[in-house]
Amino acid sequence: MVRYLNTGEARRFYDRFGARLDSQAFYEDRALEVLTGAARFDQAASVLEFGCGTGRFAERLLGGLLPPDARYAGCDISETMVRLARERLAPFGGRAMIWQSDGSFDFSPAGPPFDRIVATYVLDLLPPAEICLFLAAARQALSPDGLLGVVSLGWGETLPSRLLSRVWTVVHHLRPELVGGCRPLYLAQYFDPVAWRIRHRSISTSYAVASEIIVAAPATKREETEDE
Ligand SMILES: C[S@@+](CC[C@H](N)C(=O)[O-])C[C@H]1O[C@@H](n2cnc3c(N)ncnc32)[C@H](O)[C@@H]1O
């Protein structure tokens, strides 16, 4: 049976890991570029980031991808990550707000609705049922014309990346703490086609590490009724 890190285990792991998280940039950055190209952040007035880590992506958002008056809110379960993100985002003053969450999907501390919700390399830590809970909460918290942008470890389309995804999955099965609780996902399968409209889906591979990128819009009430 697959074992996932529970909230306490994940919190302890990321508290210890701290600023070393930024060393993952070598495979994350290309996928984040794809996300920024597809999620039209220049048209957003508010963004929520779930699992903000050290605030690296938030800094890029507030540093120019978002309009100058847009606000950003980020949450993370790790006290260390919350501290690092607050320090990094201090120059943006009141535009940025970070809170330490309890592992749940309650976004009310940041005052929904949001024009964008993003989660990069976080859903790949969660058990399948929690990924579904996150998507349901994100749908509730998005404005009607909002967009959800998610990036996770994925399954590559080249032989080296497929091999790496396999090895990564085996290691995750045996000792999830060795890979920070993350494993490659087929992310698109979690999007209920009645509830979501996928606007962009792609796989980006960097140093044989594959990432899946999805940008999706909540279906309108009318679309949902037609689909049922
Ligand atoms: C692999 S790191 C990715 C961090 C950041 N998004 C990035 O791309 O660099 C996963 C982050 O998710 C946080 N996390 C894990 N489970 C969470 C949950 N249920 N709610 C909020 N944050 C969570 C961890 O503390 C960690 O900071």
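A nitrogen atom of the ligand lies 3.5 Å from a polar backbone atom of glycine 103. This distance, like every value here, comes from a predicted model. Two further polar contacts of the ligand involve side chains, aspartate 76 and threonine 120. The table sets out the three pairs.

| Residue | Polar atom of the residue | Ligand atom | Distance |
|---|---|---|---|
| Glycine 103 | backbone | nitrogen | 3.5 Å |
| Aspartate 76 | side chain | oxygen | 2.6 Å |
| Threonine 120 | side chain | oxygen | 2.7 Å |

On its own, the ligand has 600 Å² of accessible area, and the protein covers 95% of that area. The site that holds the ligand is the largest pocket.

**Residues around the ligand**

There are 17 residues around the ligand, and those that come nearest are Phe50, Gly51, Asp76, Thr120 and Tyr121. Sorted by class, this shell contains eight nonpolar residues, six polar ones and three charged ones.

**Cysteines**

How many disulfides does a search of the whole structure find? The search finds zero. Cysteine 52 is in no disulfide, because a disulfide needs two cysteine sulfur atoms within 2.5 Å, and the nearest cysteine sulfur, that of cysteine 75, is 6.7 Å away. Cysteine 182 is likewise in no disulfide; here the nearest cysteine sulfur belongs to cysteine 52 and is 15 Å away.

Is cysteine 52 buried or exposed? Its relative accessible area is 5%, and a residue counts as buried under 20%, so cysteine 52 is buried. Cysteine 182 has a relative accessibility of 8% and therefore also counts as buried.

How values were computed:
Residues are numbered from 1 along each chain as its sequence is written. This is a predicted model: local features need pLDDT of at least 70, side-chain atom pairs count only at pLDDT 80 or more; totals for chains, interfaces and linings use all residues. Side-chain values use heavy atoms; hydrogens and water are left out. A residue is near a molecule or strand if one of its heavy atoms lies within 4 Å of it. A polar contact is a pair of N or O atoms within 3.5 Å; within protein, one must be able to donate a hydrogen and the other to accept it, and residues adjacent in sequence count only if both atoms are side-chain atoms. Accessible areas come from the Shrake-Rupley method with a 1.4 Å probe; for residues, only the protein chains shown count as cover. On a 1 Å grid over the protein atoms alone, a cavity is a set of points where a 1.4 Å probe fits but cannot get out, and a pocket is an open set with protein on both sides within 12 Å along at least five of seven lines; lining residues have an atom within 4 Å of a point. A molecule sits in a cavity or pocket if more than half of its atoms lie within 2 Å of its grid points. Ala, Val, Leu, Ile, Met, Phe, Trp, Tyr, Cys and Pro count as nonpolar, Asp, Glu, Lys and Arg as charged, and the others, Gly among them, as polar. Buried means under 20% relative accessible area, exposed over 50%, partly exposed in between (1.4 Å probe, protein chains only).
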